[in-house]
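Notebook open, coffee poured. I'm going through the sheet, then the core, then one loop residue.

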Amino acid sequence: MKVIVNGENQDVAADTLSELLVLMEYEGDWLATAVNGELVHREDRFDRSLSDNDRIEILSPMQGG
């Protein structure tokens, strides 16, 4: 399936947002995720299905000053 992750085209074999995060090696409870501009809460990632051309944003906090 073709999706756009953080502005980059990706071809992935993931049916859910949770599967995508595992495939892309994103880990942690502090991730913020959105699909097509809609925030997806951590507990909903397992149920959030992905479709071709979905726009996915994955953000993680940065430390520093």
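Before I look at pairings: two strands count as paired if DSSP finds at least two bridges between them. I also keep in mind that this is a predicted model.

**Sheet.** I looked up β3 (residues 32-35) and found it paired with β4 in the antiparallel sense, over three bridges. For A34 I checked the bridge partner in β4, and it is L39. Then I went for the whole sheet: it is open, has five strands in the order β2-β1-β5-β3-β4, and its pairing is mixed. β2 (8-11) and β4 (38-40) sit at the edges with a single partner strand each, so one side of each has no neighbour in the sheet. Ignoring direction, neighbouring strands here are turned by 30° against each other on average.

**Core.** Next I pulled up the largest nonpolar core, which has 13 residues; V5, L17, L20, V35, L50, I56 and I58 touch the most other members. β1 (2-5), α1 (17-23) and β5 (55-59) each supply at least two residues of this core. The largest share, three residues, comes from α1. I then listed contacts for I58, skipping neighbours within four places in sequence: V5, N6, L21, Y26, L31, A32 and T33.

**R48.** Last, I went to the loop between β4 and β5, where R48 is found. Is R48 buried or exposed? Neither: R48 is partly exposed, because its relative accessible area of 23% falls between the 20% and 50% cut-offs. With neighbours within four places set aside, its contacts include D15, D54 and N36. The C-alpha atoms of R48 and N36 are separated by 12 Å, with the two residues twelve apart along the chain.

Note on methods: Residues are numbered from 1 along each chain as its sequence is written. This is a predicted model: local features need pLDDT of at least 70, side-chain atom pairs count only at pLDDT 80 or more; totals for chains, interfaces and linings use all residues. Side-chain values use heavy atoms; hydrogens and water are left out. Helices (H or I, at least four residues) and strands (E, at least two) are DSSP runs, numbered from the N terminus. Axes are lines fitted to C-alpha atoms, for helices over the stretch in contact, and angles run from 0 to 180 degrees between N-to-C directions. A nonpolar core is a set of buried Ala, Val, Leu, Ile, Met, Phe, Trp, Tyr and Cys residues joined through side-chain atoms within 4.5 Å. Buried means under 20% relative accessible area, exposed over 50%, partly exposed in between (1.4 Å probe, protein chains only). Contact means heavy atoms within 4.5 Å.
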